[in-house]
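Good morning, colleagues. Please look at the model on the screen while I discuss one helix and its surroundings.

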Amino acid sequence: MNIKFLPVLLALGIASPVGSIPAAGALDPALQAHVDAEIQAIQALAGDPVIVTAVKAQNATTPPDYAAMTQETWKDLSKLDPFVRAFDKNPAGMFLKSKKSDALIRAFVCDAAGLKVAFTTKTLNWSHKGDPKFELPMSGKIWQGPVEQDKASGLEQIQVTVPILDGHQPIGCLGACLSVSKLQ
Amino acid sequence: MTLRTTISIPRQLMFLVGVASATTVVAAALYYFASNRMSKDSAAMTTTTVARLNDSYDLLQRISADMNHLQELMRLEDPDAIEKAVQDLEASRQQSLQLLAGSGDAGSALRTKFDALVVEEKLVVDQFLKGRNALAYEQFLHGVTPQSGVVLEEVRHNHQAIQSAVQQGLAAEQSRIESRLRWQASALGLAVVGLLFTGWRLKNHITAALLAIASELRKMSESSAGSAEQLLAASQNLAEGANAQAASLEQTSASLEELASITKRNAENAQKANDLAKQARDAADKGMADMEGMSTAMLAIKVSSDDVAKIIKTIDEIAFQTNILALNAAVEAARAGAAGMGFAVVAEEVRHLAQRSAHAAKETAAKIEHAIGNTTQGVAISSQVAQSLREIVVRARQVNELAAEVAGASREQTQGITQINAAVGQVDRVTQNNAASAEESAAAAGELNGQADGMRRAVDDLMRLVGDQETSPAGHDEPADAPVRSPGQPSSPQPSVTADAATGIINWNDERMSTGVQTVDQQHQELIRLINELHLACVQGTVTEKLMEQLAFLGKYATSHFSHEEQVMDRHRCPVAGKNHEAHAKFLADYQELVATARTTGASSRLALQLKKMLANWLTAHICRIDTQLRNCAGAGANGARQRDEEPLTF
């Protein structure tokens, strides 16, 4: 990391919504700037009425099969299982798929309980409750993960989660997976 | 009579050609059907083989494609794309299974191995769809890839089996085709041999028939040539007779025209006599009327004389009574004496007057008696004259009637002679036409003779064509343009004029006509051209329009040519110069006579024929016989260089 930009990054971390980005995930400023730009776009998605409405609805009434779903069961479900496909075929899932780009390769929406509301592709975990990527947004902050390598494609990617706000109250989170190669 | 002789040669040829054609068609049809069958068998085998090979290749492609699809599937994230890829993979598997189902028992092993491959692929897909990508890749590498190698090896094995089966099938088909072609070639060879034998037999038969026909035709052509010669001679005789008949008719026509003229004059004179007789009868009638008037007048004079005589008698009686009275007065005066002296003188004078009156009355009576006598005699004479005049009138009327009858008869005679003259003119025209027809018949006979000669040569050609090695009889090899006698030419063979057999046109014959002097020959050629023009005009029916013009040309030609030719002969001291002069003089005399006839009677085809005959005779009898002797005098051969010491003349 370039030392001379550290004061600037610190200042930005204090002033910006993503000020909670852990230091271990510190990126090259140029890459971070791209990530920040994408985060702003993801925040805009999180504020879309389609997303907010879907989260509020699921928060209000959680489907029984959602409540009964366990992580083990979720892992055995095929990507083409109707239960799984329902998350990418509902309005919020369709909305997310419509917003996919070269940089934004995957996205998901969780309700206040950490259960899935919608996603573009089946996630590994059914619930992210207890995970920082869920807990931080639910506290109104933005979570940014480190640069990781995708097991399937081998591409470098960065996950971020932003809160879904009802007014100023977090009601869920929207996670996105960004392709590092497309951000540069 | 055999069957071959009853069938015509064209039919036999057609039969042979038909059999050959049928054989060819049958052979071609057999070859076609055999080729077609072989082609179909080959096509079916090829189709089956290609289909099996295609299925094999298709299966290979599908297995390779399924491997690719499987790998692509494992890289997909979008659920829709994954779902579609899974469906496509399943569809591809179904098609592969259909291909395997079509391979029959030979593909059962391949089917088993392919099913095992499908199981491995499903395991990979299942792991992938559950998100266990690492396991899916591991399954792909250790399960699908080896099994696909097994399947591909089995496919290659099947492919080799197909190729081996095809090679065996091709070898069997090749053997079958060769056997069939041997049979067909043998049958076709037998048919060709049969056709050749039949053609050889037919050729012998046709040759024999044609030889017989050609021999018959040769006899007929020789007979036809003889007939044509006779016809030519007869036509020439007929032409000469027609010409002579035409000349006689011309004279008859002239006599009839003269007779018609005389008869016409007689009719006119008879008409004049009739008119004069009529006038005489009218004059007699008028004299008769005058005579009757005169007789009436004479009778009136006689009556008047009788009346005067009566008056004179009365006067005489008065004079007598007056004399008596004078005598009585004298007596009385005498009785009266002196007193009556004067009275007696008067009475005497009265008596003298009475006596003079009586005397005058007597003289007058005598004169009147004499006049009455003369009148009576005049009346009698006038009666006689009237009677004579009546007889004259009767005779004049008879003369008038006879003159009218003579005039009518003369008119009828004139009409009759006119009709006779017209009939003679018609006969003259018919005779001239006959003469022209005879000329044409002579030309046609000459042409027929040429055709007969041509037919003879054709027969010889036919004989040679059919293989007759005998040469044609001597005299049959005359050239086509052999000299023929022109119409009206004497029948002596030499010298003759060369004329075209078909058209009758006379051609210049250098050997027989040349004088050795170019200018003279050129002028003689001009004469031949004139004769040919006359001939063509006769044939075309335009001779009367051109005759006067040709006569005028002939006059100029004769004058110039004769003078020139005589000068040449004189210059070369030719011994026939004198004879040539005489012949020229006679020709000019004949020409003048012909021109005079033409001017009198007008141009006619008869005159044209006469002129043509005269010129043809001149060409044959004078030019070919006399003028040609000039080449002996001029020292030039017939075929040698011509003398050019004279300038050519123009007409």
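I begin with a contact between two helices, where contact denotes C-beta atoms, placed from the backbone, within 7 Å. In H2(B), residues including Asp55(B), Leu59(B), Arg62(B) and Leu73(B) take part, and on the H3(B) side the participants include Ile82(B), Val86(B), Leu89(B), Arg93(B) and Leu99(B). The residues of this contact comprise nine nonpolar, five polar and seven charged. Here Ala, Val, Leu, Ile, Met, Phe, Trp, Tyr, Cys and Pro count as nonpolar, Asp, Glu, Lys and Arg as charged, and the others, Gly among them, as polar.

The model is predicted: local features need pLDDT of at least 70 and side-chain atom pairs 80 or more, whereas totals for chains, interfaces and linings use all residues. Residues are numbered from 1 along each chain as its sequence is written, and chains are lettered from A in the order in which they are written.

How do the two helices cross? The axes of H2(B) and H3(B), lines fitted to C-alpha atoms over the stretch in contact, come within 10 Å and cross at roughly 160 degrees. H2(B) and H3(B) are therefore roughly antiparallel, a term for angles over 145 degrees.

Which residues of H3(B) are buried, that is, have 20 or more other C-beta atoms within 10 Å of their own? They are Pro79(B), Ile82(B), Val86(B), Leu89(B), Ser96(B), Leu99(B) and Leu100(B). These residues pack against H2 and H4 of chain B, and also against H6 of chain A.

Finally, twelve residues of chain B are in contact with 14 residues of chain A. H3(B) supplies the largest share of that side of chain B, four residues.

Conventions. A residue is buried if 20 or more other C-beta atoms lie within 10 Å of its own, exposed if 12 or fewer, and partly exposed in between; C-beta atoms are placed from the backbone. Helices (H or I, at least four residues) and strands (E, at least two) are DSSP runs, numbered from the N terminus. Axes are lines fitted to C-alpha atoms, for helices over the stretch in contact, and angles run from 0 to 180 degrees between N-to-C directions. Angles under 35 degrees count as roughly parallel, over 145 as roughly antiparallel, 65 to 115 as roughly perpendicular and the rest as oblique.
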